[in-house]
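Trainee: Got a minute to go through this one with me? I'd like to start with how the strands get their names.

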Amino acid sequence: MILPRYRIAPSSIEGAGKGLFLEEDIAIGRIVTAPDAIDKTWRYDELSSSPELKTQLYASARWFEDRYTVSPDWPDECFINHSFEPTGLWHLGFVFALRNLPQGTEITVDYRHLLPPGQQEDFVDTATGERIIGLPWSESLALSTRTLSKLLGSL
């Protein structure tokens, strides 16, 4: 669920298609998106070994440990694009504002938190040209937890 008012529009990121843009100012540390209507998660080996689910890997996101959701219906949260300098922090399925975000800001997160460990995205970060490669779960959780702790400590 997306908490602030928003719109879906062409992304400001080259080649990204559409993006999710704020229609109101959001304060640092505020939750932008929260898990909603998640009825099932799958282990990555279940996703990659099932012929039906394998075709939907493009629509999967890691939520915790080795558990992934699949959203082939492409809800509006799926229009959050990647950036190595994101406006939002992905932490256990929540997206937190990493700074005060004015109306019109495109919400981005670091996709390395959503990918399976070692999996490389089919595209590169357009700002840096760097490959986007999934982090191991322990590294992802430690990094997002430290970032969230610092973020909330600054409030």
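Mentor: Sure. Strands here are DSSP runs of E with at least two residues, numbered from the N terminus. Keep in mind that this is a predicted model.

Trainee: OK, so where is S60 placed?

Mentor: S60 sits in strand β5, which covers residues 60-64.

Trainee: And what lies 2.7 Å from a polar atom of its side chain?

Mentor: That's the backbone oxygen of L57. Setting aside neighbours within four places in sequence, S60 also touches L47, T69 and V70.

Trainee: Switching to aromatics, how many pairs are there?

Mentor: The count comes to 4 aromatic pairs. One of them is W63 with W90, an edge-to-face pair at 5.3 Å centre to centre, with 65 degrees between the planes. W63 is in strand β5 and W90 in strand β8, so the pair ties together parts that are 27 residues apart in sequence.

Trainee: Are W63 and W90 buried or exposed?

Mentor: Both W63 and W90 are buried.

Trainee: New topic: how many cavities of 30 Å³ or more turn up?

Mentor: The search of the whole structure finds 1, with a volume of about 50 Å³. Its lining includes W63 and W90 again, along with H91, L92 and H113 among others.

Trainee: Which element gives the most to that lining?

Mentor: Helix α3, with 4 residues. W137, S140, L141 and S144 are among the lining residues.

Trainee: And by class, what's in the lining?

Mentor: The lining has 5 nonpolar and 4 polar residues, and no charged ones.

How values were computed: Residues numbered from 1 in each chain as written. Predicted model: local features only at pLDDT ≥ 70, side-chain atom pairs only at ≥ 80, totals over all residues. Heavy atoms only, no water. 1 Å grid on protein atoms, 1.4 Å probe; cavity = no way out; pocket = protein on both sides within 12 Å on 5 of 7 lines; lining within 4 Å. Points joined across faces, edges and corners; volume = space filled by probe spheres on them. Nonpolar A, V, L, I, M, F, W, Y, C, P; charged D, E, K, R; others polar. Polar contact = N/O pair within 3.5 Å; in protein donor to acceptor, adjacent residues only side chain to side chain. Contact = heavy atoms within 4.5 Å. Phe/Tyr/Trp six-rings, centres within 6.5 Å; stacked < 30°, edge-to-face > 60°. Buried < 20%, exposed > 50% of the residue type's maximum accessible area, 1.4 Å probe, protein only.
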